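Q: Please take a close look at one part of this structure, the nonpolar patch on its surface. Please then set that part in the context of the whole chain, in terms that a first-year student can follow.

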Amino acid sequence: MSQSISLSWSPVEVTPDNVTVQPEKLSNYDLILRCQDGITPDRAAFAELLRRYQSHVEKVLYHLAPDWQDRPDLAQEVWIRVYRNIKRLKEPVKFKGWLSRITTNLFYDELRKRKRVAPPLSLDAPRRMDDGEMDWEIAADGPSPEDNMATREFYAQLREAIKDLPEAFRTTIVLREIEGMAYEEIAEITGVSLGTVKSRIARARSRLQSQLQPYLDV
């Protein structure tokens, strides 16, 4: 896709006082400040950020495109964009959300290029609605074989129910419940108003609840 970023950067950084600093000892905030200080990002600090957040990028891409074989290439492209644009991040404490937006925007850039028809969506792990409207997480305290079968059937039906949602609803529900984004962030990514985002999520949840009611009543 794009040029590669070398991942063999040294994990050790030397300060002007010649005192060796281990980047893994630094907070995320300090790592980002190190990356923003200078003409190009500090490589040791950037490598540590990559180490800490690579699994997050992979998780987001997996939920958006589970059947794409080039997810590792997309993940690398995400970090290339982060490397090029990290100086533009005004609030280092919001790095994770900023990283999620870069990852999601890259995915939708690729999706538009490929003009995919099949919904690139998967829900293989339990998810919980944070407002209590719908509980997707089932306790697993020594489940019986029958419980395991019922759980697998529930999530199979859940995946199918989400795939049947209109594309706009699928997008908002994934960004909200899989990536945990705020309504404002979803509005920014999808280019619609905050009210529209809330409406789509509410309607998506209502449709899912209706289709999955037999399982929710058990």
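A: Helices and strands are DSSP runs, with at least four residues for a helix and at least two for a strand, and they are numbered from the N terminus. The model discussed here is predicted.

In that numbering, V93 belongs to the loop between α3, residues 71-85, and α4, residues 95-114. V93 counts as exposed because its relative accessibility is 66%, and the cut-off for exposed is over 50%. On the surface, V93 forms a nonpolar patch with Y29 and L33. Together, these residues have about 290 Å² of accessible area.

The patch may be set against the surface as a whole. The chain exposes about 12300 Å², and carbon and sulfur atoms supply 48% of that area. Of its 218 residues, 41% count as buried.

The order of the elements gives the wider frame. The chain has eight helices and two strands. Read from the N terminus, the order is β-β-α-α-α-α-α-α-α-α. Among contacts with a separation of 6 or more, 66% join residues that are 24 or more positions apart.

Two buried residues provide a contrast with V93. The first to consider is E48, which lies in helix α2, residues 43-64. E48 has a relative accessible area of 6%, and therefore it is buried, since the cut-off for buried is under 20%. Apart from residues up to four places away in sequence, E48 touches P23, E24 and L31. The side chain of E48 also makes a polar contact of 2.8 Å with the side chain of R52.

The other is T172, located in helix α6, which spans residues 167-177. With a relative accessible area of 1%, T172 is likewise buried. Its side chain reaches the backbone oxygen of A168 at 3.2 Å. When neighbours within four places in sequence are left aside, T172 is in contact with I186, R200 and I201. The C-alpha atoms of T172 and T196 lie 9.9 Å apart in space, and these residues are separated by 24 positions in sequence.

To return to the part requested: V93 is an exposed loop residue and belongs to the nonpolar patch with Y29 and L33, whereas E48 and T172 are buried.

Methods. Residues numbered from 1 in each chain as written. Predicted model: local features only at pLDDT ≥ 70, side-chain atom pairs only at ≥ 80, totals over all residues. Heavy atoms only, no water. Buried < 20%, exposed > 50% of the residue type's maximum accessible area, 1.4 Å probe, protein only. Contact = heavy atoms within 4.5 Å. Areas by Shrake-Rupley, 256 points an atom, 1.4 Å probe, with all protein chains shown as cover. Patch = residues over 30% accessible without salt bridge, like charges linked within 9 Å, V, L, I, M, F, W, Y side chains within 5 Å. Salt bridge = Lys/Arg side-chain N within 4 Å of Asp/Glu carboxyl O. Polar contact = N/O pair within 3.5 Å; in protein donor to acceptor, adjacent residues only side chain to side chain.
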